[in-house]
Amino acid sequence: MLLRSLLLLLAVVAAAPRCVADDGYRLWLKYDRVADASRLAQYRAAAQFVAASGGDAVLTTAAAELQRGLQGLLGQAVPRLAAPASTKRGILLAIDPSANVSGSSASRDGYQISAQGKNLVVKGRSGAGVLYGVFALLRQLQTGQSVANLSLTSSPRIQYRLLNHWDNPNGTVERGYAGSSIWKWNELPQRLDPRYTDYARANASIGINGVAINNVNASARYLTAEYLDKVKALAGVMRPYGIRVYLSVFWAAPKVIGGLKTADPLDPQVQQWWKAKTDEIYRAIPDFGGFLVKANSEGEPGPQDYGRNHADGANMLATALGTHDGIVMWRAFVYKAGSDDRFKQAYEEFKPLDGKFSPKVLVQVKNGPIDFQAREPFHPLFGAMPQTPLVLEVQITQEYLGMATHLVYLAPMFKECLDADTQTKGPGSTVARVVDGSLDQHRLSGIAGVANIGTDRNWTGHPMGQANWYAFGRLAWDYTLPSAAIAKEWTQMTLTREPKAVATIVELMDRSRDVYVRYTTPLGLHHIMGQNIHYGPEPWLAQAGRPDWTAVYYHKADSLGLGFNRTATGSNALALYSAGVQQQWGNPTTCPLNYLLWFHHVGWKQPLRTGRTLWNELVTRYYTGADSVTWMQQRWASVQPAVDPALHADVAARLAIQRREALWWRDACVLYFQTFSKQPIPAPFAPPTRTLADVKTLVNLYQLK
Ligand code: BDP
């Protein structure tokens, strides 16, 4: 009797849904059992087996992932068979190089999902294609879509979809806000942290197919035999997920670890060193992706140290790659001290090199001309180098966007750049079409996101930061997806399926970036953040290592007005854009207000098209921006019943910090700029209750060593 009750008790406990606080580790791949009974029945009927034949490693990953997903979502194990079972309905996985994957490109990564008789078939042009198809199918189930007569085809628009890790050998992450580096160099290659596999799965689920694992401010150490052994071990974890490993390289490595006297790209010994090193890498990692290079930028060495240019450097590495299937991504993030306008630097160095790069080289360009500010106009190099494939680099880690305390959903920002029309080949010459290669018929195309991933249990510090990792991958695959649609699928897979809560969260996410811009850098202000740490406001910063690291260099506030005159009467950086763009942005009455102070020095009392003067508009944006954080808090509070309690509390607490810091930004900027405008705070807003001196002490606190 006792035994029977005990067994009964055990059975009850085992059957009960597991009730653990959601620590965020599972990201959007939760695979919790489907709650809707009719959907569950539909899925169970359609997925009684998984059939896949062949030994392709990525196909094997796909089959295992499908089984894992189905087991969770359906609440029952689904067997894998070598061939379809005639009496049952199931899901067939197959590699078919001629699968009809639609899309603009004939990518090997494309997939097709269709009904075939009573079964569903997921075909890919390669193992990776099948894996992406499986994740697409699982996404259908996770978001509660019907699978009856399912027909989906998709192919990525961009070929190289990379995360860039700014991780250092000592475990720190440059501009990382989610703990330490996930790579445990001291343990590699003997111990493979299970987290590497979970990381690879997450990336594959959103179509990412490459990772540059180390900081662009690179250590030469990664090229030593000792470290290549470790990199090889990581590559082995990534490979079954269709992900290739890339390395950021330190330009002076031939000197530092090679014992040479020079790193001159035209020196035969240097060339030989890189060739031998590259061959050594490919012997260890046959599918090695290639090199990412930051050279002659922010103190890093480069070919200019020897009187050579970026093309000399990049082409030397391309020659070293030889017939290996790898590429060079050469960064265009360069600026020299002493220029009148940093905005123009990269353009001036790179534009003349268009046509001089070897076919294996892509030039990697940040979304905007300065440096990952909360809002930048698109980089003028997009459209200006038609003979060179350009990689778009965006920052997923929120260096200038509130790190891991501010909720800022970045898809709208990424899309703002991708959708921007360079007009270089007439209307419709968008940045996206430059990047995907279609505008200038390039064979290679790439996009890179600087990762926001660390050892925090939930990967990204801010739980909502996961959405930015997710959105980057989805947009890299298909930049036409709307931000809100991506936010919706992420929310449904990650936070809740309750429709009202989903709608609320999506709205909050989709507005969050604009809110952030309003309370930090409205109307086109930029680079007025705290020195070095890049956190909080410091618009009064006038002394730094270089003038273009101060704030006053950029906002140019004086008794007359505010903003950087980049028209012909100023630095004339506007001349770097096509005629159509110049025409619109060059005139303050037609320049979008979001870019106004990027290009114009506007009088404090100048009326804007909102009907307010510049000063009043500025104050209005700072105040309404900060108040919108209260709105975000209220919206978040309203979804409390639908979201995991621990996660809800975590986000609520971070929103409270965000509110405090939005007021910090507001007061700092309004009080500081008021010393120039000499204008009162307009009604209905109440002047800050603290003084500028009070606010300045807060900045100092954040910069305590
Ligand atoms: C800046 C970061 C710096 C990076 C640099 C880069 O502050 O840490 O090294 O970008 O992209 O925004 O190279």
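Here is a short chat between a visitor and a guide about a ligand site and a strand in this structure.

Guide: First, this is a predicted model: local features need pLDDT of at least 70, side-chain atom pairs count only at pLDDT 80 or more, and totals for chains, interfaces and linings use all residues. Residues are numbered from 1 along each chain as its sequence is written, and side-chain values use heavy atoms, leaving out hydrogens and water.

Visitor: What makes the pair between Glu399 and the ligand a polar contact?

Guide: A polar contact is a pair of N or O atoms within 3.5 Å. An N or O atom in the Glu399 side chain sits 2.5 Å from a ligand oxygen, so the pair counts. Tyr400 has a polar side-chain atom 2.8 Å from an oxygen of the ligand, and for Asn217 the value is 2.9 Å. The protein covers 97% of the 320 Å² of accessible area that the ligand has on its own (Shrake-Rupley method, 1.4 Å probe).

Visitor: Why is strand β12 called mostly covered?

Guide: Buried means under 20% relative accessible area, with a 1.4 Å probe and protein chains only. In β12 (residues 361-366), six of six residues are buried, so the strand earns that label. Strands here are DSSP runs of E, at least two residues long. Val361, Val363 and Val365 are buried on one side, and Leu362, Gln364 and Lys366 on the other.

Visitor: How do you know that β11 and β12 pair?

Guide: Strands pair if DSSP finds at least two bridges between them. Strand β11 (residues 327-331) and β12 have four, in the parallel sense, so they pair. Trp330 has Val363 as its bridge partner in β12.

Notes
A polar contact is a pair of N or O atoms within 3.5 Å; within protein, one must be able to donate a hydrogen and the other to accept it, and residues adjacent in sequence count only if both atoms are side-chain atoms. Buried means under 20% relative accessible area, exposed over 50%, partly exposed in between (1.4 Å probe, protein chains only).
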